[in-house]
Amino acid sequence: GAGGNAEAAAFGEVVVYTARDAAPAAVVGDTGVLAGKIVVDINNGPMPADYRLGPGHGVPAIAERLQAALPASRVVKALNTMGMELFAYEAAALRAHRVSCFLAGDEAAAKAEVGDLAAAIGFVPVDCGPLAAARILEGLGDFIRHVMAPMKHGFWATISTADLPPVDTAPIGGRRSSLLRG
């Protein structure tokens, strides 16, 4: 039968955390049920009133605060840079569009497992580094919401990355150390 949050957290090996402004203890009661589990933070904060502040602007990411509240858990930031409408697509359609799923976390094995789950859904997992990179991912989520806000039905903004092969010729100018000395 159906259970509550605590039962779901105790049952799952990977727990998707969707309660943006609620402390884990308020959601599941005894946070010990999440010990050792992968907790996927999919949240973004409220849209900043002034987008010129830039991502993070010195504020810890929601995922970092979640990890601090759940020190025995393995928090991974993921699935926050896409509109919920994308989850209505079948995996083959998502694969065809190469929608990136950006991941940040301090434990490689936890990120790999969440990446495998994202790939099974149809997303392309992109490892963005440690959990502190969640600040950038939350800013990216803000950017995507900013782009989507004026749009009407039928347009779902996403960001996709692709590894391109190196070109056979040297780029114009190339990359080299600056000749300016300070």
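Me: Two strands count as paired if DSSP finds at least two bridges between them. On that footing, in what order do the five strands form the sheet?

Reply: The order is β1-β2-β3-β4-β5, in an open sheet with mixed pairing. Strands (E, at least two residues) and helices (H or I, at least four) are DSSP runs, numbered from the N terminus. This is a predicted model, where local features need pLDDT of at least 70 and side-chain atom pairs pLDDT 80 or more, while totals for chains, interfaces and linings use all residues. Residues are numbered from 1 along each chain as its sequence is written, and side-chain values use heavy atoms, without hydrogens or water.

Me: Which are the edge strands?

Reply: β1 (14-17) and β5 (124-127), each pairing on one side only. On average, neighbouring strands of the sheet are turned by 30° against each other, direction ignored. Axes here are lines fitted to C-alpha atoms, for helices over the stretch in contact, with angles from 0 to 180 degrees between N-to-C directions.

Me: In which sense do β4 and β5 pair?

Reply: Parallel, over four bridges, with β4 covering residues 100-105. V126 in β5 is the bridge partner of F102.

Me: And how many bridges join β3 to β4?

Reply: Two, and these strands run antiparallel. K77 has A104 in β4 as its bridge partner. β2 and β3 run parallel and are joined by four bridges; there I38 has R74 in β3 as its partner.

Me: Helices next. Which strands does α3 touch?

Reply: Helix α3 (residues 62-69) packs on the sheet and touches β1, β2 (38-41) and β3 (74-77). Contact means heavy atoms within 4.5 Å. The direction of α3 makes about 170° with that of β3.

Me: Where does α6 lie?

Reply: Across β2, β3 and β4, at about 150° to β4, and its residues are 134-148. From first C-alpha to last, the 15 residues of α6 reach 21 Å, close to the 21 Å expected at 1.5 Å a residue. The expected span is 1.5 Å times one less than the number of residues.

Me: Which residues of α6 are buried?

Reply: A134, L137, E138, G139, G141, D142, I144 and M148. Buried is under 20% relative accessible area, exposed over 50%, partly exposed in between, using a 1.4 Å probe and protein chains only. The cover over them includes β2, α3, β3 and β4.

Me: Changing topic: how many aromatic pairs does the structure hold?

Reply: One. The ring centres of F87 and F123 are 5.6 Å apart and the planes are at 70°, so this pair is edge-to-face. Rings of Phe, Tyr and Trp (its six-membered ring) pair with centres within 6.5 Å; planes under 30 degrees apart are stacked, over 60 edge-to-face and the rest tilted.

Me: In which loops do F87 and F123 lie?

Reply: F87 is in the loop between β3 and α4, and F123 in the loop between α5 (108-121) and β5, so the pair ties together parts 36 residues apart in sequence. F87 is partly exposed at 39% relative accessibility, whereas F123 is buried at 3%.

Me: Backbone now. What is the phi of L79?

Reply: About 65°, a positive value although L79 is not a glycine. L79 sits in the loop between β3 and α4 (91-97) and is buried at 17% relative accessibility.

Me: And what is the phi of R98?

Reply: Near 50°, again positive in a residue other than glycine. R98 is in the loop between α4 and β4, partly exposed with a relative accessible area of 42%.
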